[in-house]
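Q: Please take a close look at a single part of this chain and describe how it sits among its surroundings. Give the cut-offs along with the values.

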Amino acid sequence: MEIFFLILKTAGVILLFILGLILFLAALLLFVPVRYRAEGRLAEETGIGAYIRFSWLLSLITVRIEYADGLETAVRAVGIRLRLKRRRRRAARPDGARPEKEQSGQRGQAEASSGSNHIGRAEASSGSGRIGQAGASSDSGVSGQPEASSDSGRIGQAEDSGGGSRGRLAACRERLRSLADGCVRMLQDIRLLQKRLLDNAERIRENAVYYRNLLTEEESRRTVSMIWLHLKKLLSHTKPKELSVNLTVGAEDPAVTGRVLAVNGMLYPWLGEAVSIRPDFEKACLYGDFYVKGRIRACTALYHILRVILDKRTWTLIRRLKKEELTNG
């Protein structure tokens, strides 16, 4: 009996240790932030260069992405670089070397093509001889027949002229009939197109009225306000804590450079002095550098996302936007 209780005690201690380890790892994932840092430059001589680094848990796990002449990625865990699996490429064969199967297949194709050419030539020569003999016999037979009389020739010409006039009249009738049918079909197509356009315009008007009434309702406005509030808090949490952008912008037309400066002035209340743009009114150019640094905590991001997803009003609004019938309230 004591052994049984000892086994239960040991199993309980092990389960508690595993449960505590799982809770500890979950707390690390939720509350320890992921830090990011990005630097880059855009120069006229060297081109584009960028560097992005993600770190977690006092840089025990880091991910580095760098772009200069090419894209390079490195993942390290406790200072040890993890090698990512890559697909092996087949070694390139020299131009003259080919597999034996391909060489044998090409030889077989060459033999078959040469044999078919010989057979085709023999058949063509025999067929041309036969055709020549038949043509000679037919020419000799025609030359031996007596010529037709003048009376029979005149009668045939009269019949041909009468038949030609009738054929022309019939052809004209067919053309007129086909032209009339084409006009009728064109009118029908125009009517169908007009009907479709009117139906589409009516459907668009109905949808516009429906969505306008939906979004102006008090419940819908509250739902949209709730979603927008959590979205702003999420963006405020994930936005960089340090931001510095220095650019020199110039265009061939000085008016374009002036518009860029005007847009920067409009965004100044949100960007502040973090973004600095120097104009160049003499030439077209774009170069500078940037620096970004911030952090993201998983628990905060999940809190705002789950508050929106788990709210019943969100799914009610989505179903109404899709025009689905509401059930159970």
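A: Relative accessible area is computed with a 1.4 Å probe on protein chains only; under 20% is buried, over 50% is exposed, and anything in between is partly exposed. The model is predicted, so local features need pLDDT of at least 70 and side-chain atom pairs count only at pLDDT 80 or more, while totals for chains, interfaces and linings use all residues. Numbering runs from 1 along each chain as its sequence is written, and side-chain values use heavy atoms, with hydrogens and water left out.

The part chosen is helix α7, residues 298–309. The protein chain has eight helices and eight strands, taken as DSSP runs numbered from the N terminus (helices H or I, at least four residues; strands E, at least two). Of the 329 residues in the chain, 12% are buried.

Just ahead of α7, Arg 297 lies in the loop that follows β8 (285–296). Arg 297 has a relative accessibility of 21% and therefore counts as partly exposed. Leaving aside residues up to four places away in sequence, Arg 297 touches Leu 30, Phe 31, Pro 33 and His 237; a contact means heavy atoms within 4.5 Å. Thr 238 is 59 residues from Arg 297 in sequence, yet their C-alpha atoms are 8.3 Å apart. Across the chain, of the contacts between residues at least 6 apart in sequence, 60% join residues at least 24 apart.

Helix α7 itself has 12 residues and reaches 16 Å from first C-alpha to last, close to the expected 16 Å (1.5 Å times one less than the number of residues). Its buried residues are Ala 301, His 304 and Val 308. They cover an arc of only 70° around the axis, which puts them on the same side of α7; the arc is that of the directions from the helix axis to the C-beta atoms. An α-helix has 3.6 residues a turn, so residues three or four places apart point the same way.

What covers this buried set includes α4 (218–238) and α8 (312–321). Within the set, His 304 has a relative accessible area of 9% and is therefore buried. Not counting residues up to four places away in sequence, His 304 touches His 230, Lys 233 and Leu 234.
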